Amino acid sequence: MGDLLDEDLEFRGGTLQLSSENATAEPRITQPAKSNTNTSNTQVNPSVLSGADSLTSSSSSFADARTESQTNAQQETDPVQTVYPRYDVPFNSENIKDFFTFRKGVVENAIQECITGLLFPEDGEYLGSWLLTEITLWDNEKERIVLLTSRLVMTIKYDFIAMKQLDFKKTYLDDLDTIVIGELVYPPSSLVPERNLRGVRLMWNKGEPLPMKTVWNPFSQDVPFLTFASHPIYWHKDGGIEERSTFDMELFAQKLQRAVENMTSPCCIHHSPIVIQSYVGLTSLLHNKTSMGFFKVRGKFSF
């Protein structure tokens with residue numbers, strides 16, 4: 001589903017602000033707590049994170065990251081300063097009001113419907129729910145409801161106009177082998193402007209590069225990772241952190257990390273850049289600029 005805005009393409013820029021005073025900044029994900037089954041590694045080959053063959057991803061590099069991560073878990077690390085990105089706000093206060101999800105009660109009712117209709121006792125303990133932006137392999141933004149339990153992550157495509165579920169996908173935490181939290185970046189040779197945005201990527205490809213049949217097929221359902229960013233409403237919602245928490249990727253990543261740390265299966269947690277394999281990106285730029293992946297009022301039409 002999507003929508004068209006009669007606006008020119010715009011470049012989103014941003015800067016990085018170095019801060020050591022966490023009390024004056026909004027909460028952001030910091031170094032994860034150590035556990036017996038899950039470790040973190042802040043220095044890792046980007047190919048391990050993206051699974052992209054153009055960045056020389058391989059199973060051996062994945063294994064090396066695992067080994068290095070386990071070694072680092074035995075050593076004490078010095079405190080590090082946290083870098084807080086200063087983002088340009090996506091959309092403006094007038095355009096954001098065209099989103100159906102900006103209307104009072106719409107998101108809350110949709111999430112409650114999904115919890116009631118799609119979650120069952122065997123899915124584990126309910127941990128939280130969000131409305132986030134999913135970024136696909138082809139760099140397209142999609143509006144998605146995300147439910148987190150102690151066993152799985154459920155991604156739901158929801159029609160916020162007709163108020164009904166369209167599709168959903170379950171990803172079990174036991175299957176995850178890597179979680180990456182960090183800046184969304186493009187390869188050095190990419191012509192796509194940087195997003196200046198943070199995200200979280202859930203991976204279960206064991207560091208293997210994607211097969212060509214998946215890379216070149218925009219309708220493929222076999223992509224072994226999910227990438228999420230905060231929903232645009234996060235920057236425009238009235239109130240404080242609590243009122244915006246439903247749209248906050250950082251809070252989702254934090255609770256996901258805790259859930260994974262309680263699992264018995266090993267899963268690496270990295271705080272590193274997330275590589276989006278887009279080199280020209282004209283189609284995705286148009287798709288994202290016109291917010292085709294979101295339910296909006298578009299002139300005389302709504303879709």
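## Salt bridges

A search through the whole of this predicted model turns up five salt bridges. Side chains of opposite charge can pair when their charged atoms come close. Three of these pairs are worth a visit one by one.

Start with Asp123 and Lys170, which form a salt bridge whose closest N and O atoms are 3.2 Å apart. Asp123 sits in the loop between α3 (106-118) and β3 (126-135), while Lys170 belongs to strand β6 (residues 164-172), so this pair ties together parts that are 47 residues apart in sequence. The two partners have their own surroundings: Asp123 counts as buried because its relative accessibility is 2%, and Lys170 counts as partly exposed because its value is 29%.

## A pair and its network

Next comes the salt bridge where the side chains of Asp139 and Arg195 meet, at 2.7 Å from N to O. Asp139 lies in the loop between β3 and β4 (141-149), and Arg195 in the loop between β7 (178-185) and β8 (198-203), so the pair ties together parts that are 56 residues apart in sequence. Both of these residues, Asp139 and Arg195, are buried.

The third pair to look at is Glu250 with Arg198, a salt bridge in which the closest N and O atoms are 2.5 Å apart. Here, too, distant parts of the chain are linked: Glu250 is in helix α6 (residues 249-261) and Arg198 in strand β8, 52 residues apart. Glu250 counts as buried at 3% relative accessibility, and Arg198 is buried with a relative accessible area of 11%. Elsewhere, salt bridges that share partners join Asp139, Glu141 and Arg195 into one network.

## Helix α3

Now for a helix you can trace from end to end. α3 has 13 residues and spans 18 Å from its first C-alpha to its last, close to the 18 Å expected at 1.5 Å a residue.

Which residues of α3 are buried? They are Val106, Val107, Ala110, Ile111, Cys114, Ile115 and Leu118. Seen down the axis of α3, these buried residues fall within an arc of 160 degrees, so they line one face of the helix. The spacing has a simple background: an α-helix has 3.6 residues a turn, so residues three or four places apart point the same way. The buried residues of α3 pack against β3, β4, β5 (152-159) and β6. On the other side of α3, Asn109 and Thr116 are exposed.

## A nonpolar patch on the surface

Turning to the outside of the protein, you can find a nonpolar patch formed by Leu191, Tyr279, Val280 and Leu282, with about 420 Å² of accessible area together. One of its members, Tyr279, is found in the loop between β11 (274-275) and α7 (282-289). Tyr279 counts as partly exposed because its relative accessibility is 30%.

## The protein as a whole

Stepping back, the protein has seven helices and 13 strands. Of its 303 residues, 49% are buried. The protein exposes about 15300 Å², and carbon and sulfur atoms supply 53% of that area.

How much of the contact count comes from residues 24 or more positions apart? Among contacts with a separation of 6 or more, such residues account for 74%. The salt bridge between Asp139 and Arg195, which ties together parts 56 residues apart in sequence, is a handy place to begin exploring these links across the chain.

Conventions: Residues numbered from 1 in each chain as written. Predicted model: local features only at pLDDT ≥ 70, side-chain atom pairs only at ≥ 80, totals over all residues. Heavy atoms only, no water. Patch = residues over 30% accessible without salt bridge, like charges linked within 9 Å, V, L, I, M, F, W, Y side chains within 5 Å. Areas by Shrake-Rupley, 256 points an atom, 1.4 Å probe, with all protein chains shown as cover. Salt bridge = Lys/Arg side-chain N within 4 Å of Asp/Glu carboxyl O. Helix = DSSP H or I, 4+ residues; strand = E, 2+ residues; numbered from the N terminus. Buried < 20%, exposed > 50% of the residue type's maximum accessible area, 1.4 Å probe, protein only. Contact = heavy atoms within 4.5 Å. Expected span 1.5 Å × (residues − 1). Arc of directions from axis to C-beta.
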